[in-house]
Amino acid sequence: MNSSPGAEALLADLPNRGFPEAEIYEKRGRSRRFVATSKESPAPGTGAEAGPESRSLAQASASEEGWAVRAGDRRRSLFHAATGSAEAALQLVDPSPHPLLLPDPQTGPLDPWRETPDFDSALVNETGASQLFQAIEREMRKELRNARLVAADFEEGSAESALLSTRGVRAAWRTRAAALRLEVRDGDRGCRFEGAESMARDFDPLALARRLVDRLCALEPRRAAAGSSGPVVLIAAPLAARLIQACAPLFVGPASRGAALGALSPAITLIDDGRFASGVLAAPFDGEGLPSGPVTLVETGRFVRSLLAWWETERIPVPGCARRASWRDLPRRAPTHLYLLPSQTGVAELVESVGAGAYLLDAEGPVRVDRSTLAFDVAVSGLEIVAGRAVAPLGAVRLCGDLKALLTGIRQLGRDLQFVPGDGMFGAPSLVVEGLRVLPL
Amino acid sequence: MTWARLETAAVARALASVAAEAGDLAEVYFERRIDAEWPPAEARCGLRVRREEGLAARLVRGERSWLASRDRITGAHLLEALRQVARAQPATLLEPDIAVGTPTAIPFAALRSFAAELERAIRRHHVAFPLQLTVRWHRRDVQVVGPRWVPSTEREVFFSLEVDMPWGRFGALATDLAAGEAERVARSLVGRFMAREAEPPHSGRFPVLLAPAATAVLLHEAVAHALEADLMGEIGGMDDDWRRSIGAVSSSASPGFPLDVLDDPRRAPRGVDRTTDDEGQAVVRRWLIRAGKVDQVISDSMCAARSATHLAGSGFRGGRHQPPLPRTHHLELLPGDADPRRLQSAAEGGLYVPELDRGRLDPATGEVVLHAPCGRYLLHGEPGDACGPFELRAFVPDLLASVVAVGKDAQAAGAGWCAKAGQRRAVWATAPSVVIADIAVFAGTR
């Protein structure tokens, strides 16, 4: 998508109307969403399988198109956004006394950008969504006979953006992403999954079903009292990613507290990368048309810098990290793919190395953080490890500690980097951590 | 003029050819909206104006529904959306003549001047503190066309305020920014300023006196969400514990004050009152709780079609790209007869809660959590020292059964922004003060 003739004409005309600086952003996209809700559970023991008739299915197809202009100078400015295409004859209102700052174009060595080869393939359709839901439920029931998919929400969308400014920034890029949310139950136990991939077809029903079954089994009530997990816990990648998400505010923005944490575990390197290979939010440019790229925030346990946008660094060139959620929104600094660099160690080796302790699989609720003390608390599912083997479910337990203890207590990392969606994508491999506690819920 | 040309008869004919089977529900939804925002002085970009227009076509057939939405309002885009929901190419669709009217004027003067008015109002309390104020004006025009009915255009016009302070965020809704509004906001901000260093109360169980603004949030979370047909499991997500929980309220008279709670969009403050919902159905004066017992539930057309008892008329949506859901628009708690002195004595030894800034209901368990940014201890029949932030937690039936006094000081106000299912909508309430005899209070925010 290139900037429209209307945008080019308006940009050329704005200086004549008293707006020497201006930027025009255009975006159009399409999406398909499928929301399935299970009506009734088959009677236990009947062996009946929920088919498509037993679910309500709501489909939504959206086609969105909009644009926005920022215009002004160092004393006054305005922002105007509208649906449709950019209008050369747009009547602008009087600006308000707020300064406008726009970035200069950036040049320099950049990794080449390669778009997904099948970017233009069709979005997921009703058949594809129904098949995914049925396959997940079928695979779950192979191991847990009464497990059922209570609710599923599956969405895929693609978007094209173009941006040009009076400072000479010109950029065009395309993005595509799919999101899946699931709620499953087996008797009294239930859990939720939320994930994102670049394409809908990247969701593997067998892997998802196994992961959900593992969690449901781990939530089975424990026979012995919980809370004796030992000094070391092994945190599986999905839960580790949620904890990194909770840590993100410590490393993002000028008021972040990352530097005050002191020395962190030498095992960790924390990176934010707007063009992370095969990342869900990967794009060659950020929301202001600046080239994206990796930024190292923590390197082998040493704080390097916070994630800052160009306007927070006095125009020192930095990789673009301005998020523009839609054409309605102004750009704001935000992480894109914030992750802990994985190692080469396999998960099986990590389990063995723990010896005795807890293997925590996933978060079963939000990570609650007290921002003043950095104490956190999250309900988790997990297994007890004895002699390097997972032997029993932990039941309803929670992981407690503080974020500083987490970041200083990481002893080993796996190679199984996984991302979870939030305000950006947050990733981590499996972690072996000391200094956290597993307590009964 | 909102619509320059809108050939509703032709739209209805085209829709009728799509909703071709008995029992089909269908509607076309046209939307124009403007949001204007005066940002804080420190913002990187100035005055913000967002103008949107678009349409959505929806078909509900049995357990399935299809929604197609576009960011343009033209006959061609409407036909494209209708063909998408029909999943076919109906040969006889004729393009209706549709065009939007001229843009609406925005009250820039009110947006611009409110910051100065608020500053003056705060100074009248002999205090000053840093704050970042964002003032917004919202207007939404909605026209729904059904296959056999065409209600009139609905409009909602209101302001919203957002204030960031070092000790927290404050939000408010208002239908206009008259002189009294600045003073009302200033009082709230000054209250939070005075409590900024106060310790939270000890965790425990106490009586609490909720001011009308706090009652509005309580009603929204504990009554409206609890009685939305989709969350009650009529469609899916059925949860036996929750049904038992709500059943407990409906099957036994509450031991406390018998509450009367209604949802009536017609009686919302002028400017945001509605006669039809976002599905084009006439709104209903709906008794949610009558004399302490659950009477009706909040329902949209889809839930009503699947139930013998539910009434449609409360299907609202965040925008054209989202489906309507059962949602409250304007809640009303009928006033009682308690005067301020009686209210305070009923909550003696407890807490006075002027505002609740957020809350949530867990539909799986029926537990409601309400967050108070500050409060005051009630000693010797009147509010005394300030206390810091705390949470109130209770199960809905217990909470409603614990109301022991209702004031006669009913006030109409915005209850806040509701983000059910990710769809953000302003919701309103008319509520008096209430006293809850016994509720769990947790210091800080868990």
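Start where the two chains meet: select β3(A) together with strand β3 (residues 47-61) of chain B, and you will find the two strands running parallel and joined by five bridges. Within this pair, A:Ala82 stands opposite B:Arg51 in β3(B). Keep in mind throughout the tour that this is a predicted model.

**The contact between the chains**

Next, widen the selection to the whole contact, to which chain A gives 37 residues and chain B gives 32 residues. On the chain A side, the elements that each supply two or more residues are β1, β2 (55-72), β3 (77-83) and β4 of chain A. Which of them gives the largest share of the side of chain A that touches chain B? That is β2(A), with 13 residues. If you colour this side of chain A by residue class, you will see 16 nonpolar, 14 polar and seven charged residues.

**Strand β2 of chain A and its partners**

Now select β2(A) alone and then bring in its partners, beginning with the one across the contact. Strand β4 (residues 64-70) of chain B runs parallel to β2(A) and is joined to it by seven bridges, and here A:Gln59 stands opposite B:Trp66 in β4(B). Within chain A, β1(A) and β2(A) pair in the antiparallel sense over 18 bridges, with A:Ile24 opposite A:Val69 in β2(A). The pairing of β2(A) with β3(A) is likewise described as antiparallel, over seven bridges, and these strands form a hairpin with four residues between them. To find the hairpin in the viewer, pick A:Gly72, whose bridge partner in β3(A) is A:Ser77. With the neighbouring atoms shown, β2(A) is largely enclosed by the rest of the structure, because 14 of its 18 residues are buried.

**Helix α2 of chain A**

Move on to helix α2 (residues 126-143) of chain A, and set a distance between its end C-alpha atoms. At 1.5 Å a residue, its 18 residues should span 26 Å, and the end C-alpha atoms are 27 Å apart, which agrees. Then select A:Ala129, A:Leu132, A:Phe133, A:Ile136, A:Glu137, A:Met140 and A:Arg141, the buried residues of α2(A). Turn the view to look down the axis of α2(A): the buried residues fall within an arc of 160 degrees, so they line one face of the helix. The repeat of an α-helix is 3.6 residues a turn, so residues three or four places apart point the same way. On the other side of α2(A), A:Thr127 and A:Lys142 are exposed. To see what covers the buried residues of α2(A), show elements of chain A including β1 (21-38), β4 (148-165), β5 (170-186) and α3 (205-218).

**The largest nonpolar core**

From here, select A:Ile244, A:Leu360 and B:Leu219, which touch the most other members of the largest nonpolar core, a set of 259 residues. The largest share of this core, nine residues, comes from helix α5 (residues 212-224) of chain B. Centre on A:Leu360 and display what surrounds it: leaving aside residues up to four places away in sequence, A:Leu360 touches A:Val233, A:Leu234, A:Ile235, A:Ala236, A:Leu239, A:Val380, A:Gly382 and A:Leu399.

**An exposed proline in chain A**

As a contrast in surroundings, go to A:Pro440, in strand β23 (residues 437-440) of chain A. Is A:Pro440 buried or exposed? A:Pro440 is exposed, with 12 other C-beta atoms within 10 Å. Add A:Ala396 to the selection, and you will find that A:Pro440 and A:Ala396 are 6.3 Å apart from C-alpha to C-alpha, although 44 residues apart in sequence.

**An open sheet in chain B**

Finish in chain B, where six strands form an open sheet of mixed pairing in the order β12-β11-β10-β15-β24-β23. Its edge strands, each pairing on one side only, are β12 (293-294) and β23 (411-418) of chain B. Select B:Asp263, which stands opposite B:Leu331 in β15(B) and has B:Arg286 as its bridge partner in β11(B). Strand β10 (residues 261-263) pairs with strand β15 (residues 330-333) of chain B in the antiparallel sense over three bridges, and β10(B) pairs with strand β11 (residues 286-290) of chain B, again antiparallel, over three bridges. Continuing to the edge, β11(B) and β12(B) run antiparallel, joined by two bridges, and B:Ile289 stands opposite B:Val294 in β12(B). These two strands form a hairpin with two residues between them, and B:Ala291 in the turn has a positive phi of about 50 degrees.

Definitions and conventions:
Residues are numbered from 1 along each chain as its sequence is written. Chains are lettered from A and ligands numbered from 1 in the order in which they are written. This is a predicted model: local features need pLDDT of at least 70, side-chain atom pairs count only at pLDDT 80 or more; totals for chains, interfaces and linings use all residues. A nonpolar core is a set of buried Ala, Val, Leu, Ile, Met, Phe, Trp, Tyr and Cys residues joined through C-beta atoms within 7 Å. A residue is buried if 20 or more other C-beta atoms lie within 10 Å of its own, exposed if 12 or fewer, and partly exposed in between; C-beta atoms are placed from the backbone. Two residues are in contact if their C-beta atoms, placed from the backbone, lie within 7 Å. The expected span of a helix is 1.5 Å times one less than its number of residues. The arc is that of the directions from the helix axis to the C-beta atoms. Ala, Val, Leu, Ile, Met, Phe, Trp, Tyr, Cys and Pro count as nonpolar, Asp, Glu, Lys and Arg as charged, and the others, Gly among them, as polar. Two strands pair if DSSP finds at least two bridges between them.
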